Each structure stands twice: as C-alpha cells, then as structure tokens.
Amino acid sequence: MVLFMNWGAWAIACALAVWMLFDLVKTDRSFDEEYLLSSAEGDIVDSDVGESAARTE
C-alpha cells in the first residue's frame, strides 16, 4: 500500500512540474520581460487592459 502511495506522490509531483514548465513557456511567449517586471507591488491592473497592452507592444 505504501509503495502505491509513494508512486502516486511522485506522479503528482511530476505532473505539477510539467504543468509549471508549460505555464512558464506560455507566459514567457505571451508577455515580454519588461511588462512582467513593470508593475509596482500592490497595483491592480484590469486583466483585459493588461492583456491587450501586452499584445500590442
């Protein structure tokens, strides 16, 4: 039983790692580095405005 739980935990960890790598690549292709680093902490940007601004630059 413990063996199956161990394999399950590794499978979940691998799935999360693949998902994070996919999201990293997707975010890197969608937004440039300057846009991702430009927001001051605490500022809230409307998601529609932010996405359209990132795509027009």
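**Exercise 1.** Locate I12 in this predicted model and decide whether I12 is buried or exposed.

*Solution.* Start with the element: I12 sits in helix α1. Next, take the relative accessible area of I12, which is 56%. The cut-off for exposed is over 50%. I12 is therefore exposed.

**Exercise 2.** Find which residues make a nonpolar surface patch with I12, and give the area of the patch.

*Solution.* The partners of I12 are L16, W19, M20 and F22. Together, the five side chains named here form a nonpolar surface patch of about 610 Å². Membership requires over 30% relative accessible area. I12, at 56%, is exposed.

**Exercise 3.** Place D32 and classify its exposure.

*Solution.* D32 lies in the loop between α1 and α2 (33-38). Its relative accessible area is 36%. Partly exposed covers the range between the 20% and 50% cut-offs, so D32 is partly exposed. Now look at the charge: D32 joins D28, E33 and E34 in a negative patch on the surface.

**Exercise 4.** Describe the fold pattern and the burial of the chain.

*Solution.* Count the elements: three helices, zero strands. Along the sequence they read α-α-α. Then check burial: 4% of the 57 residues count as buried. Finally, take the accessible surface, about 5,400 Å². Carbon and sulfur atoms hold 66% of that area.

**Exercise 5.** State where confidence is highest and where it is lowest.

*Solution.* Begin with the chain: the average pLDDT is 81, and 67% of the residues score at least 70. Helix α1 (residues 2-30) has the highest confidence, at a mean of 95. Helix α3 (residues 47-56) has the lowest, at 61. I12 belongs to helix α1.

Terms used: Residues are numbered from 1 along each chain as its sequence is written. This is a predicted model: local features need pLDDT of at least 70, side-chain atom pairs count only at pLDDT 80 or more; totals for chains, interfaces and linings use all residues. Side-chain values use heavy atoms; hydrogens and water are left out. Helices (H or I, at least four residues) and strands (E, at least two) are DSSP runs, numbered from the N terminus. Buried means under 20% relative accessible area, exposed over 50%, partly exposed in between (1.4 Å probe, protein chains only). Accessible areas come from the Shrake-Rupley method with a 1.4 Å probe; for residues, only the protein chains shown count as cover. pLDDT is the predictor's confidence in each residue, from 0 to 100. Patches are made of residues with over 30% relative accessible area and no salt bridge: like charges are joined within 9 Å, nonpolar side chains (Val, Leu, Ile, Met, Phe, Trp, Tyr) within 5 Å. A salt bridge is a side-chain nitrogen of Lys or Arg within 4 Å of a carboxyl oxygen of Asp or Glu. Lys and Arg count as positive and Asp and Glu as negative; His and the chain ends are not counted. The place of a charge is taken as NZ of Lys, CZ of Arg, CG of Asp or CD of Glu.
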